[in-house]
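Morning, everyone. I have one structure to walk through today, so let's put it on the screen.

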Amino acid sequence: MGRAFAYVILGGGVAAGYAALEFARRRAGASPGELCIISDEAVAPYERPALSKAYLLPQGAARLPAFHTCAGANDEVLTEQWYKDHGIELVLATRVISADVRRKTLLTDSGETIGYKTLIVATGARASELEEFGVRGSDAANVCYLRSLEDADRMVGVMRSCHGGNAVVIGGGYIGMECAAALVANEVKVTMVFPGKHCVGRLFTPKIAEFYEKYYAAKGVVFVKGTAVKSLEVSDGKVAAAILRDGRRLPADMVVVGIGARANTGLFDGQLAVERGGIKVNGRMQTSDSAVYAVGDVAAFPVALLGGAVRRFEHVDCARRTARRAIEAILEPSGGAAEEGKAFGYLPYFYSRVFALSWQFYGDNAGEAVHFGDFSPPGAGGKAKFGACWVSGGRVAGAFIEGGSREENEAMASAVRSRAAIADVAAELGSRGLGFADEE
Ligand code: FAD
Ligand code: NAD
Ligand code: ISD
């Protein structure tokens, strides 16, 4: 047996950083042997969203330490020194290869067994690979995935070597849209390929998607929808073209793959209950083993706003809040918010920023979507402002807003939180000059 800690955070991403901050705040730091973070990444936790945005800028790109957690919540930036100063051990560049929940031990790839009294699983998710869809070529020198800092560095190198060339972006979700915008900014021509009818199919309505697709098209992005890549033509270790199911051949100097993510649950197969592709937890983020908690992308938890329905979110706000929730539940077991089994009072919140655009979404995109605002392309220097409310039983279940001011975003969040009547939201939007759009 190697070292043993009272608390171990397994994974060194967004949730780990926010859990460490919450722990340090509640305990004024940790004593030796109390808390460690084990991460297979070589650096302290950082704000992963920066990788597809500021990290890829052609000029003035963000680099560490500027976006270590918890920069994204306007908190202090937790550098390696911060962990030292707070007595939290960082075990970096170390992969946990097996976990034994009964014995409360983790085995690392360096051969060390690390014991815990309480484990917080924060292993996040990994990018789905083309090979899972029967397409070979992920190992080609110019094929890029984007999940880690290492991936982002690789992508920057490949992108710089393709200036003026062609990129094929496979997938029309969050990664596809954010990377396409970054590629355009770096003067690489983009063709996006995905099987769906429109981009960001998990969230956008066809009308919302149409706005973004037109905006991207005006920047030169070509959309190839309703088909998928059948194979990659590889020569001398590099992809030269993507061959589509419909027979088309897209020449490529580089390929970016963003075809979804899978939660990293494998270490706990057969040991912890699972749901929705993640580790099932209660409202305290506690798994089916009372000494193990799970947070962030890997955790599926009951959401009070959704009547206690179990959901798993792959978004940064959720990682931040579930991490804090778990620490609160662990350190204050009888605390008000940490009632056993109770659903978590979390308001789902996602956002993205691409080009000069910026959207926010709150709640659940269930029910009938009613659109508001002006969906026409903004003129030069102008700002788009539009959105949608998802309505069920006359009440707002979810809201999306592009270009909202802080006050408008907060108004939408509060309408969803209180499940406001759509008539009241219509009046509120009307007072801000945002009328409902005519639905076809
Ligand atoms: P992660 O941040 O992925 O951290 C998991 C950590 O666990 C990693 O350090 C990983 O290496 C480590 N790990 C996994 N398995 C092991 C193991 N066996 N041993 C040791 N370590 C292990 N969300 C938004 O809401 N808005 C955005 O704009 C946005 N942009 C994004 C951009 C990119 C490029 C990506 C990839 C994601 C983005 N997200 C965004 C999603 C958001 O980053 C995630 O929801 C968030 O990072 C989840 O935090 P997490 O701690 O659960 O997982
Ligand atoms: P996603 O699920 O958002 O999108 C996957 C896309 O790939 C969809 O368009 C889907 O139709 C397409 N697809 C699926 N199979 C395909 C195939 N065989 N060929 C071509 N296209 C295929 O996932 P993502 O964009 O890869 O994002 C990965 C993770 O990163 C997710 O967890 C996401 O939430 C997170 N992320 C979030 C943000 C944000 O919230 N702003 C930004 C970047 C990444
Ligand atoms: O681009 C981003 C983003 O979305 C974050 O959460 O950077 C981070 C933080 O804002 C880092 O400062």
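Start with strand 25, residues 385-392, and strand 26, residues 395-402. They pair in the antiparallel sense over seven bridges. Find Phe386: glutamate 402 in strand 26 stands opposite. One caution before I go on: this is a predicted model.

Now widen the view. These two strands belong to an open sheet of five, in the order 22-23-26-25-24. The pairing is antiparallel. As a reminder, strands of a sheet pair through backbone hydrogen bonds, either parallel or antiparallel. Which strands stand at the edges? Strand 22, residues 349-354, and strand 24, residues 368-374. Each has a single partner strand, so one side of each is left without a neighbour in the sheet. On average, neighbouring strands here are turned by 15° against each other, direction ignored.

Next, a helix pair. Two packed helices are described by the angle between their axes and the distance between the axes. Take helix 1, residues 14-27, and helix 6, residues 316-331. Their axes come within 8 Å and cross at roughly 35°. The crossing is right-handed. Helix 1 brings Val14, Ala15, Tyr18, Ala19, Glu22, Phe23, Arg26 and Arg27 to the contact. From helix 6, the contact residues include Val316, Ala319, Ala323, Ile327 and Leu331. Arg320, Arg324 and Glu328 of helix 6 are also among them. By class, the contact divides into 11 nonpolar residues, one polar and six charged.

On to the ligands. Ligand 1 is surrounded by 35 residues. The closest are Gly11, Gly13, Ala15, Gly124 and Gly296. Ala15 is also in the helix 1 contact I just listed. Helix 1, helix 6 and strand 22 each supply at least two residues of this shell. The shell around ligand 1 holds 16 nonpolar, 11 polar and eight charged residues.

Ligand 2 has 26 residues around it. Closest are Gly171, Gly173, Tyr174, Ile175 and Glu314. Which elements give two or more residues to this shell? Helix 4, residues 174-185, and strand 22. Helix 4 gives the largest share, four residues. The split for ligand 2 is 12 nonpolar, 11 polar and three charged.

So strand 22 turns up three times: at an edge of the sheet, in the shell of ligand 1 and in the shell of ligand 2.

Last, the annotation. An unreviewed UniProt entry marks residues 6-322 as "domain: FAD/NAD(P)-binding". In the model, that span is 21% helix and 28% strand. Its end C-alpha atoms lie 20 Å apart.

Conventions
Residues are numbered from 1 along each chain as its sequence is written. Chains are lettered from A and ligands numbered from 1 in the order in which they are written. This is a predicted model: local features need pLDDT of at least 70, side-chain atom pairs count only at pLDDT 80 or more; totals for chains, interfaces and linings use all residues. UniProt positions are given in the numbering used here, feature names are shortened, and annotations may be inferred rather than shown by experiment. Two strands pair if DSSP finds at least two bridges between them. Axes are lines fitted to C-alpha atoms, for helices over the stretch in contact, and angles run from 0 to 180 degrees between N-to-C directions. A residue is near a molecule or strand if its C-beta atom, placed from the backbone, lies within 6 Å of it. Ala, Val, Leu, Ile, Met, Phe, Trp, Tyr, Cys and Pro count as nonpolar, Asp, Glu, Lys and Arg as charged, and the others, Gly among them, as polar. A crossing is left-handed if the near helix is turned anticlockwise from the far one by less than a right angle, and right-handed if clockwise. Two residues are in contact if their C-beta atoms, placed from the backbone, lie within 7 Å.
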